[in-house]
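Visitor: Could you take me through one part of this fold up close? I'd like to look at the sheet and whatever packs on it.

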Amino acid sequence: MKIKDDIIMRKRGVFNVEIKVDRNLCIGCGACIALCPNIFKYGSDGKSEVKIDNVTNINETDKECVKRAVTVCPVKAITVNE
Ligand code: SF4
């Protein structure tokens, strides 16, 4: 059932991905937040956190943005699993 749902979502241009920020590594530089404001925000401690939840449905543009954020994060705190 899940595979079928994933195929339907991909046809609609919606992707189910797991996005995580390791807050022990994050230094709060803001790069990911500036790059992908739809996905990341500052937490109350000044570190990045995922805006919606850790497993979310995002569109192609935001998915590509998250992939770029993974590469620009200076401490490799962001992981994304499709
Ligand atoms: S780019 Fe990395 S270090 Fe900078 S705020 Fe985002 S998660 Fe934290």
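Guide: Here is a walk through the sheet, strand by strand, and then a step back to the whole chain. Keep in mind that this is a predicted model.

Let's start with the layout. The sheet is an open one built from 3 strands, and reading across it you meet β4, then β1, then β5. The pairing is antiparallel. That leaves β4 (55-59) and β5 (78-81) at the edges, each with a pairing partner on one side only. Going from one strand to the next, the twist averages 40°.

Now for the strand in the middle of that order. β1 covers residues 14-21, and it runs antiparallel to β4 with 5 bridges between the two. If you want a spot to zoom in on, try N16: across from it, in β4, stands N57.

Next, bring in helix α3, residues 60-72. This helix packs on the sheet and touches β1, β4 and β5. Compare directions and you'll find that α3 makes about 115° with β4.

So much for the close-up; how does the sheet sit in the chain? The protein chain has 3 helices and 5 strands, and along the sequence they come as α-β-α-β-β-β-α-β. Contacts also say something about how the chain is laid out: taking those between residues at least 6 apart in sequence, 66% link residues at least 24 apart. As for burial, 20% of the 82 residues in the protein chain count as buried.

Notes
Residues numbered from 1 in each chain as written. Predicted model: local features only at pLDDT ≥ 70, side-chain atom pairs only at ≥ 80, totals over all residues. Pairing = 2+ DSSP bridges. Helix = DSSP H or I, 4+ residues; strand = E, 2+ residues; numbered from the N terminus. Axes fitted to C-alpha atoms, helices over the stretch in contact; angles between N-to-C directions. Contact = placed C-beta atoms within 7 Å. Buried ≥ 20, exposed ≤ 12 C-beta atoms within 10 Å, placed from the backbone.
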